[in-house]
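Here is a short report for a reader new to this structure. Please look over the sequence and the model, then read on.

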Amino acid sequence: MRLNTGILYDLSESWYGYTVNKLYYYSNTKWRNDFRQHFNRPITDDLLFRARTRVQYFDENDYNPFLEQKFSLFHTLNKKSAVAYEALWSKQAEEDSDFDDDEILGKLQDNYQNVALRLRYRRNVWREWLYIELWPTIRWPEERDWDTVLAANFRLEVTFGGKGRSRLSE
């Protein structure tokens with residue numbers, strides 16, 4: 001079960017915001033709440049700045065909440081491709097760490113912070129409903145004593161029902 005609520009509103013001539021809350025109920029893991037606050041400022045037709053704050057609560061986690069602050073600059077390169085430049089800070093429960101206990105440097109904690117710089121490249125390929133994304137990331141996780149960690153994600157997206165659209169800025 002999921003209940004979505006949200007509101008979009010103007011803050012000034014140059015800024016607009018939207019507030020979204022998603023409440024989930026899963027039969028196995030019970031409740032999850034995902035709250036997001038966005039502040040957006042279009043810079044040009046091809047550039048959008050966004051500051052997003054996110055707070056998540058997971059019923060199955062012993063240590064809550066998950067906190068995230070993200071600053072993004074979305075750049076439309078052409079009709080088929082876009083890029084997002086992102087700076088992120090997050091605080092997550094130990095049980096949600098990407099690292100196993102034996103990979104954590106230092107004393108085990110209830111939660112850890114993470115700082116990252118990420119580039120998200122999105123391109124429409126072959127058909128209007130098929131997209132690829134590449135996300136190279138540089139992270140500095142507290143679990144690894146703030147050492148530099150390199151990562152990359154590759155995503156393939158297929159949009160069913162109607163035309164695809166650029167979802168990079170969502």
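A polar contact is a pair of N or O atoms within 3.5 Å; within protein, one atom must be able to donate a hydrogen and the other to accept it. With that in hand, take Asn124: its side chain reaches the backbone oxygen of Leu130 at 2.9 Å. The model is predicted.

## Asn124 and its partners

Asn124 sits in strand S7, which spans residues 111-124. Is Asn124 buried or exposed? Its relative accessibility is 11%, so Asn124 counts as buried. The cut-off for buried is under 20%.

Leu130 is one partner of the Asn124 side chain. The backbone oxygen of Arg127 is another, reached by the Asn124 side chain at 2.7 Å. Neighbours within four places in sequence are left aside in the contact list of Asn124. That list holds Lys80, Trp129, Leu130 and Tyr131.

## Arg118, Glu86 and Ser72

Strand S7 also holds Arg118. Arg118 has a relative accessibility of 18%, and therefore counts as buried. Which side chain does Arg118 join in a polar contact of 2.7 Å? The partner is the side chain of Glu86. Beyond four places in sequence, Arg118 is in contact with several residues. Among them are Lys70, Ala84, Tyr85 and Leu88. Trp135, Pro136 and Thr137 are also in the set, as is Glu86.

Glu86 has a polar contact with Ser72 as well, side chain to side chain, at 3.3 Å. Ser72 lies in strand S5, residues 66-76. Its relative accessible area is 3%, so Ser72 is buried. Ser72 touches Leu48, Phe49, Arg50, Tyr85 and Glu86, with residues up to four places away in sequence not counted. Take Arg50 from that set. Ser72 and Arg50 are 22 residues apart along the chain, yet their C-alpha atoms are separated by 5.1 Å.

## Strands S1 and S2

Now to the start of the chain. Strand S1 covers residues 2-10 and pairs with S2 in the antiparallel sense. How many bridges link S1 and S2? The count is nine. Asp10 has Tyr16 in S2 as its bridge partner. Tyr9 stands opposite Gly17 in S2. The two strands form a hairpin, with five residues between them.

S1 is hardly covered. Among its nine residues, the count of buried ones is zero.

## Strands S2, S3 and S4

Strand S2 runs over residues 16-26, and strand S3 over residues 30-44. They are antiparallel, and 11 bridges join them. Tyr18 faces His38 in S3 across this pairing. S2 and S3 form a hairpin too, with three residues between them.

S3 is in turn joined to strand S4, residues 47-58. This pair is antiparallel, with 12 bridges. Arg32 stands opposite Phe58 in S4. How many residues does the hairpin from S3 to S4 pass through? It passes through two residues.

## A nonpolar surface patch

The surface carries a nonpolar patch of about 840 Å². Seven names make it up: Trp126, Trp129, Leu134, Phe154, Leu156, Val158 and Phe160. Which strand gives the most to the patch? Strand S9, residues 149-158, does so with three residues.

Leu134 belongs to the patch, and is found in strand S8, residues 130-141. Its relative accessibility is 41%, so Leu134 counts as partly exposed. Partly exposed falls between the cut-offs of under 20% for buried and over 50% for exposed. Trp129 also belongs to the patch, and Trp129 appears in the contact list of Asn124.

One background point helps when reading strands. In a regular strand the side chains alternate between the two faces of the sheet.

Conventions: Residues numbered from 1 in each chain as written. Predicted model: local features only at pLDDT ≥ 70, side-chain atom pairs only at ≥ 80, totals over all residues. Heavy atoms only, no water. Patch = residues over 30% accessible without salt bridge, like charges linked within 9 Å, V, L, I, M, F, W, Y side chains within 5 Å. Areas by Shrake-Rupley, 256 points an atom, 1.4 Å probe, with all protein chains shown as cover. Salt bridge = Lys/Arg side-chain N within 4 Å of Asp/Glu carboxyl O. Helix = DSSP H or I, 4+ residues; strand = E, 2+ residues; numbered from the N terminus. Buried < 20%, exposed > 50% of the residue type's maximum accessible area, 1.4 Å probe, protein only. Pairing = 2+ DSSP bridges. Contact = heavy atoms within 4.5 Å.
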